[in-house]
Amino acid sequence: MTATNWNSLYGCYYGNHMVDSLTDTVFFSDLLPERCPTLYKSIDKILKENDIDHRLLSHTKDIWCRDYMPIQTREKRLAFYKYAPDYLQTKYYQRTITDVNQVGNIECLRQDGEVIDLNLVIDGGNVVRCDDMIVMTEKVFYENKDKLRNEIHRLLEDAFECDIIFLPWDRNEILGHSDGIVHYVGGNRVLMTNYADFDTLKAHQFLKRLEKYVEVIPLEYNVKQKHRRSWAYINFLQIGKLVLVPQLGIPEDEQALQQIADAMPSCKVIGVPALEVVRKGGALNCISWNVATTKWNSGFMGEEYRVHGRPISWIKKAAEKGYRDWQCNLGCCYFYGLGIDEDRVVANQWYEKSAEQDCVQAQFNLGLSYYKGEGIEKDYAKALHWFRKSAEQGDADALLHVAWCLEETNASNEEVKTAYRKSAEMGNPEAMCFLGEWYYYGTKEMAINIGETYKWWWGKTERDNYQAGDYYDFDGDEENNKDAVKWFKRSASKGFIPAFFALGLCYYFGNGVRKNKKEALKFFKRAAKYGYAEAVCMIGDPFPVATEDLIDDLPF
């Protein structure tokens, strides 16, 4: 069904969908200034210099506001949906799920605009808006198994008033977000990330789907070794004619910036150092929610800057009465200049008042000020004191900063490692990353241990064993290749389907094992029986005779 047919069917043309080039205001989670202070400061400065209205959303539980905020389809028309992604269903991560109906002043949007409540589990990061269509991955079908595929398709078309392009879901990318694959750049064109550098088959599948509807411009990098974080460039932020592109401190930076600028000649394209947030698993589009606010509801935008739904004047009164949480909030307002003149000396005074009353966030913020010397003289001993206070109340980020302070004060490796391990055990991703890296390279007087590396990098499931094997590049080092096969076999022994396919490739090309096409076919067959498309392709390509033998066994 084409966009033209769909629009004529309903007697209306919905071209110029509410795409990024039509937006004028951008929102961020109120947690962003605390979680990524350097990045937020850079973005805040650029947006102010370019006269872009930007504000903070209150009552959020993580910084990825693109994922849970409603999707604007027309000027005052919003599609709300269920935000309950499968990758956040463990006990630890459920507490990070933001209830969008609790976001400050959100009821004003519902009262003033036309609202669609979509009875589907969706991530906003899996919705890339184009002029008269939307790009999503098929992850949406897997997260709504209580509904038929056709019903889901119809609900999406009705809600977004346009056609939907569905891309295959890469099962190795658990988020399933389309904004990590493509970005609309106008003129019926999309930029596509450099998937071909890491998965040629999947890149071909994406191109095949997209090229039926839009012109596709793949990002390409002329570097000796492609960096695994280069996916982040496609996740840039556009508000009107301003484009902010993540910069990672790697050779691809300038090439990505130039290619995006060439694709969007009418826009001002600026690079923003974004490693602080990319390390957490997202980039600039993920942390933003940009909308068109012409004639927007003044109740939501507010005449006076608000924190947690309260005006600055109210916060001051509450802070002066001794309420510790509001003292901390007022400190944040002074520290970042939110609705009030920036004054970091005064900010730290409010942080200290709150911290002395055992406010865990204020203790962390005050520790950070001492650690960085912002509005106060740098003092690692005092920073360590307040980070420890915060850590004692269960703050995993504070424990990580305890480790950093210990390193700055030349503490023993054992003390540093203990702090990192405690933070990692509480689920801090950066601490997990550091631990895994030390085990991988044998730093900090730690013995090289690949098993421990992937325990911290990916956990302890069959998927993790597969990813452990997938980490190896098959670069000619026979020992590395054998290790990869070992991990693939561990994963396959637990029934993880992609591992069967990976083992098939190892036997087919002779990576880490003696080349054996008969053994390769055996593993491809196992994967194909469960509908693993890549395995089906391999059976039909190198083993054309075997294809007929499998027809009766395949589930489609």
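Author: Let's start with a cut-off: a residue counts as buried when its relative accessible area is under 20%. Keep in mind that this is a predicted model.

Reader: Fine. What makes phenylalanine 166 buried or exposed here?

Author: Its relative accessibility is 9%, and the limit is under 20%, so phenylalanine 166 counts as buried.

Reader: And why is phenylalanine 141 called buried?

Author: That one comes out at 10% relative accessibility. Set against the under 20% limit, phenylalanine 141 is therefore buried too.

Reader: What makes phenylalanine 141 and phenylalanine 166 an aromatic pair, and which label does the angle earn?

Author: Ring centres have to lie within 6.5 Å, and these two are 4.7 Å apart, centre to centre. As for the angle, under 30 degrees would be stacked and over 60 edge-to-face; the planes here make 45°, and the pair is tilted. The structure holds 17 aromatic pairs.

Reader: How do you know that this pair links distant parts of the chain?

Author: Look at where the two residues sit: phenylalanine 141 is in helix H7 (residues 139-142), while phenylalanine 166 belongs to strand E8 (residues 163-167). They are 25 residues apart.

Reader: What puts arginine 344 over the face of phenylalanine 335?

Author: For Arg, CZ must be within 6 Å of the ring centre and within 35 degrees of the ring normal. Arginine 344 lies over the face at 4.1 Å from the ring centre. Phe335 also belongs to a cluster linked by ring pairs, together with Phe28, Tyr40, Tyr336 and Tyr351.

Reader: Which ring has the charged end of lysine 522 over it?

Author: That of phenylalanine 523, with 5.2 Å to the ring centre, and the distance limit is again within 6 Å.

Reader: On to helix H24: how do you know that its length agrees with what a helix should span?

Author: The expected span is 1.5 Å times one less than the number of residues. For the 13 residues of H24 (residues 497-509) that gives 18 Å, and the end C-alpha atoms are 19 Å apart, so the two agree.

Reader: Why is H24 called mostly covered?

Author: Because buried means under 20% relative accessible area, and eleven of the 13 residues in H24 are buried. Among them are Phe500, Phe501, Tyr507 and Tyr508. After H24 comes glycine 510, with a positive phi near 75°.

Reader: How much of the whole chain is buried?

Author: Of its 556 residues, 54% are buried.

Methods: Residues numbered from 1 in each chain as written. Predicted model: local features only at pLDDT ≥ 70, side-chain atom pairs only at ≥ 80, totals over all residues. Heavy atoms only, no water. Phe/Tyr/Trp six-rings, centres within 6.5 Å; stacked < 30°, edge-to-face > 60°. Helix = DSSP H or I, 4+ residues; strand = E, 2+ residues; numbered from the N terminus. Buried < 20%, exposed > 50% of the residue type's maximum accessible area, 1.4 Å probe, protein only.
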